[in-house]
Amino acid sequence: MSKFSIGATEWPGISKLIEESAEVLQVTGKLMGTGGAVDHWDGSNLRDRLQEEIADAQAAQQFVIETNELDHAAIAARARDKLELFRRWHREQA
């Protein structure tokens with residue numbers, strides 16, 4: 001078993017978090033490449049794929065938080081603050 005894999009003793013799940021995050025990047029790159037159209041040339045729906053990959057990334061994040069005993073409350077507070085910032089930017093730029 002390699003370091004950082006799901007069953008590892010050192011930072012378990014980190015490699016899966018990277019993998020799932022990269023899959024989100026891949027789908028968003030395809031969305032940008034299609035100019036935002038959700039119908040991809042391979043026949044898949046990019047909106048559906050994005051939802052699936054975000055869900056997978058969220059699961060990987062939760063696994064890393066739990067198995068590495070990270071401070072869930074601190075992470076949640078930071079996420080709330082960042083989300084409000086993103087919402088403000090969106091309102092200002094809309």
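## Helices α1 and α2 and their shared core

Six residues form the largest nonpolar core: Val-24, Val-27, Leu-31, Leu-46, Leu-50 and Ala-57. A nonpolar core here is a set of buried Ala, Val, Leu, Ile, Met, Phe, Trp, Tyr and Cys residues joined through side-chain atoms within 4.5 Å. Buried means under 20% relative accessible area, exposed means over 50%, and partly exposed lies in between (1.4 Å probe, protein chains only). Helices α1 and α2 are the elements that give two or more residues to this core. In soluble globular proteins, nonpolar side chains tend to be buried together.

The model is predicted: local features need pLDDT of at least 70, side-chain atom pairs count only at pLDDT 80 or more, and totals for chains, interfaces and linings use all residues. Residues are numbered from 1 along each chain as its sequence is written, and side-chain values use heavy atoms, with hydrogens and water left out.

**Helix packing.** Helix α1 spans residues 14-33 and helix α2 spans residues 46-67. Helices are DSSP runs (H or I, at least four residues), numbered from the N terminus. The two pack at an angle of about 160°, with axes 9 Å apart. Axes are lines fitted to C-alpha atoms over the stretch in contact, and angles run from 0 to 180 degrees between N-to-C directions. α1 and α2 are therefore roughly antiparallel, a term for angles over 145 degrees. α1 passes α2 in a left-handed crossing, meaning that the near helix is turned anticlockwise from the far one by less than a right angle.

Contact means heavy atoms within 4.5 Å. On the α1 side, the meeting residues include Ile-14, Leu-17, Glu-20 and Lys-30. On the α2 side they include Arg-49, Glu-53, Gln-61 and Val-64. By class, the α1–α2 contact has 11 nonpolar, two polar and seven charged residues. Asp, Glu, Lys and Arg count as charged; Ala, Val, Leu, Ile, Met, Phe, Trp, Tyr, Cys and Pro as nonpolar; the others, Gly among them, as polar.

What does Leu-50 contact, leaving aside its neighbours within four places in sequence? Leu-50 touches Val-24, Val-27, Thr-28 and Leu-31.

**Accessibility.** Three residues outside the core are tabulated.

| Residue | Location | Relative accessibility |
|---|---|---|
| Asp-48 | helix α2 | 40%, partly exposed |
| Trp-11 | segment before α1 | 44%, partly exposed |
| Glu-69 | loop between α2 and α3 (72-93) | 72%, exposed |

The C-alpha atoms of Asp-48 and Val-27 are separated by 9.9 Å, and the two residues are 21 residues apart along the chain.

**Backbone.** Trp-11 has a positive phi of about 50°, although it is not a glycine. Glu-69, also other than glycine, has a positive phi near 50°.

Definitions and conventions. Parallel < 35°, antiparallel > 145°, perpendicular 65-115°, else oblique.
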